[in-house]
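Please consider the protein shown below. The explanation that follows moves from the whole chain to selected parts of it.

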Amino acid sequence: MAFVQFSQVSLAFGDRDILKDVSVNLMTGTKAALTGANGAGKSTLIKVMAGLVNPDSGSRIAQKDTRIAYLPQSGLTHHGCTLRQEADKAFDFGYKLQQEIDSIGDQLKAGTGNTDNLLERQSLLLTALEESGWHRRETQAESVLLGLGFSREDLQRQTEEFSGGWQMRIALAKALMQNPDILLLDEPTNYLDIEARDWLEKFLVNFKGAFLLVSHDRYFLDVTINEVYELFNGDLKRYKGNFTHYEKVREVELQTLMAEYEKQQDEIAKLQDFIRRFGVQATKAAQAQDRQKALDKILANKIEIPESLKKIHFKFPPAPHAGNLVLRTKGLTKSYDGVRNVIENLDLTVENGELLVVAGRNGTGKSTLLRMLAGVDPVSAGEIIPGSGVKIGYFSQDNAETIKGSETILDYVESRAPTELIPKVRDMLGAFLFRGDDVFKSLDVLSGGEKSRIALLQLLLSPNNLLILDEPTNHLDMHSKDVLMNALKAFGGTVIFVSHDRGFIEGLATKVLELTPGRHREFPGDYRYYMERIQAESEGTVGQFESGTGIAVTSVKSTNSAAGRNAVVEPVETTKSAGKMNWEEQKKLEAEKRKNEKEVARIEKEIEDAENEKSALEQKMSLPEVYSNGAKAKEVQSKIDVLAAKIDELNVAWEEAMEKLV
């Protein structure tokens, strides 16, 4: 059994401990995820495991001949040969084994060396070569490349012709082709569309070796892994189960810590407020100094909470009123060369409140459609008819190019935020991964991904009633995706979006528009229903929808499971009324869900207001003119008690409302 074992590994960068006495054992059959906040050191730990970074202390033991394949997040490029030739480099280990086998054969033929030892070594090498799949390398390479989205024509293209995202797909393909004992994958889904992610999921589920991966895609993790390692403040802890189970266990585990954290935060705020108000007054200097000492003591033992467990909520500015009909297209067509139509004769109706995801393989025109709907790209034929009062907000990765200047992030966002949201800008920036001193960075020094996150936040702070979003979850971690998804679900307008994050799509979409070459189909209902429908169509258990409708036209029944020659095509007794009924049922469920979500939001707002009022009264209680006056102190305390009781009642109501959402 192949394995790599790490014992009490420590690593520090300057005065910061990245790893503190970390121990982990990766062996055949391990299917694990590595999680932790951005900057926690996940990529560094994987590099230590891959043998690319030496720890300050501790040991790394690998079984002899254990083969490890490592994929970094980005930065790999390939050039100087065709894709097929580059893929063949993944099998270098096999060529080396074959060379050693041939060398042993020459020694046996010449009669040199210990025959028994040579025969034993040759047998081991032959077994290893056969189990690695080296003799089937061409078939294996083609299977992996096609699975990750390359075409057969791509196999003869020069590797330097591929863009950065496809360069990383080549690197991922080579790691998988090696059929290693241990796979170390750092954000392998970053550059994959849904179809390629689905293929990778199946590959990892069936993978016989061990793998450890970092990913911000919860659905992908839930499907592929059965244990989670959390890296937090340099410590590594193991949790059994998939990622959703880890989150539930971790949240329960940290309830006590969260309570202590919130209590400590209140105490810090009160001390800081006193010092700020009275620190410059000579009569209060001694008291201010005492409080500063108390504050320093608390900060020296400050409780840290993982960013993923801090609850951050924000709401969009109220969406301007719009009619029930938000947008229509008639015969919408787009061609870039005048020969091939990327979009052809698309008729679409979008109603107010819909959360429409545009699905389809790469190259089917998803981003093109969104650019046309947003008015960024001209149409080749047909028309787009917006509804009355519709105000469109559009986001794509190109928006990042408009983020320029010497302003700080905080100044830039605050200057563009509605007045009522300015007090919450720091929390919003935190939700989009700008935490601590990051908010004071100048725009000119930001990466493309950082600018993209600012562009997305800037859009969400604008009063729009139709949001058109192209890959909004790129460059966001799992927690930020959750914050964004919850905000979009509570949004009072309409959303049309494209995403490659299946968990995000399943949590948000209420309707699916599928684009395939030459046609389009609308699916009323969520993304899970769409996937089940597609699966049923592929199995022949239901008929396919007609293009642009929700009506099934044929069903295929096979009388011979081994072949299709006896397949019988029969009409399905599916009518428009049946399709309408299913859609009406779906809309009824969605309406009930939205009603419950609004009730939850209302209660959360009441809780927030009550807690703010209670906090203000508690601060008032600390004033000398109050606590030194018995009557005033009693009056304020009475109000605090009333609010505390109200908050308890609201929390009960919130729990009941949340149960209706489950």
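The paragraphs below treat the overall model, then two helices, then two loop residues.

The structure is a predicted model. Its mean pLDDT is 83, and 89% of the residues reach 70 or more. Confidence is not even along the chain: over residues 549-581 pLDDT stays under 50. For that stretch the model has 45 contacts beyond four places in sequence.

The protein contains 21 helices and 20 strands. It has 662 residues, of which 44% count as buried. Among contacts with a separation of 6 or more, 66% are made by residues 24 or more positions apart. The protein exposes about 33700 Å², and carbon and sulfur atoms supply 50% of that area.

Helix H4 covers residues 115-131. With 17 residues at 1.5 Å a residue, H4 should span 24 Å, and its end C-alpha atoms are indeed 24 Å apart. Which residues of H4 are buried? They are Leu 118, Gln 122, Leu 125 and Leu 129. These buried residues cover an arc of only 65° around the axis, and therefore lie on the same side of H4. They pack against helix H3, which comprises residues 92-110. The other side of H4 carries the exposed residues Asp 116, Glu 120, Leu 124 and Glu 131.

The two ends of H4 also deserve attention. At the N-terminal end, Asn 114 acts as a cap, with a side-chain oxygen 3.1 Å from the backbone nitrogen of Asp 116. Just after H4, Gly 133 adopts a positive phi of about 80°.

Helix H11, residues 285-300, can be read in a similar manner. Its 16 residues reach 22 Å from the first C-alpha to the last, close to the 22 Å expected at 1.5 Å a residue. Ala 288, Leu 295 and Ile 298 are buried in H11. Seen down the axis, the buried residues of H11 fall within an arc of 80°, so they line one face of the helix. Helix H10 (255-278) is the element against which they pack. Exposed residues on the other side of H11 are Ala 286, Gln 289, Lys 293, Lys 297 and Ala 300.

The loops on either side of strand E15 provide the remaining examples. Asn 465 lies in the loop between helix H15 (448-460) and E15. Is Asn 465 buried or exposed? Because its relative accessibility is 3%, and a residue under 20% is classed as buried, Asn 465 counts as buried. Its side chain is paired with backbone atoms of two residues: a polar side-chain atom of Asn 465 lies 2.9 Å from the backbone oxygen of Gly 389, and the side chain reaches the backbone nitrogen of Lys 391 at 2.6 Å. Beyond its neighbours within four places in sequence, Asn 465 has contacts that include Ala 319, Pro 320, His 321, Val 390, Phe 491 and Thr 494.

Asp 477 belongs to the loop between strand E15 (466-470) and helix H16 (478-489). With a relative accessible area of 7%, Asp 477 is buried as well. What does Asp 477 touch, not counting residues up to four places away in sequence? It touches Asn 38, His 216, Leu 433 and Arg 435.

Technical notes
Residues are numbered from 1 along each chain as its sequence is written. Side-chain values use heavy atoms; hydrogens and water are left out. Helices (H or I, at least four residues) and strands (E, at least two) are DSSP runs, numbered from the N terminus. The expected span of a helix is 1.5 Å times one less than its number of residues. Buried means under 20% relative accessible area, exposed over 50%, partly exposed in between (1.4 Å probe, protein chains only). The arc is that of the directions from the helix axis to the C-beta atoms. Contact means heavy atoms within 4.5 Å. A polar contact is a pair of N or O atoms within 3.5 Å; within protein, one must be able to donate a hydrogen and the other to accept it, and residues adjacent in sequence count only if both atoms are side-chain atoms. pLDDT is the predictor's confidence in each residue, from 0 to 100. Accessible areas come from the Shrake-Rupley method with a 1.4 Å probe; for residues, only the protein chains shown count as cover.
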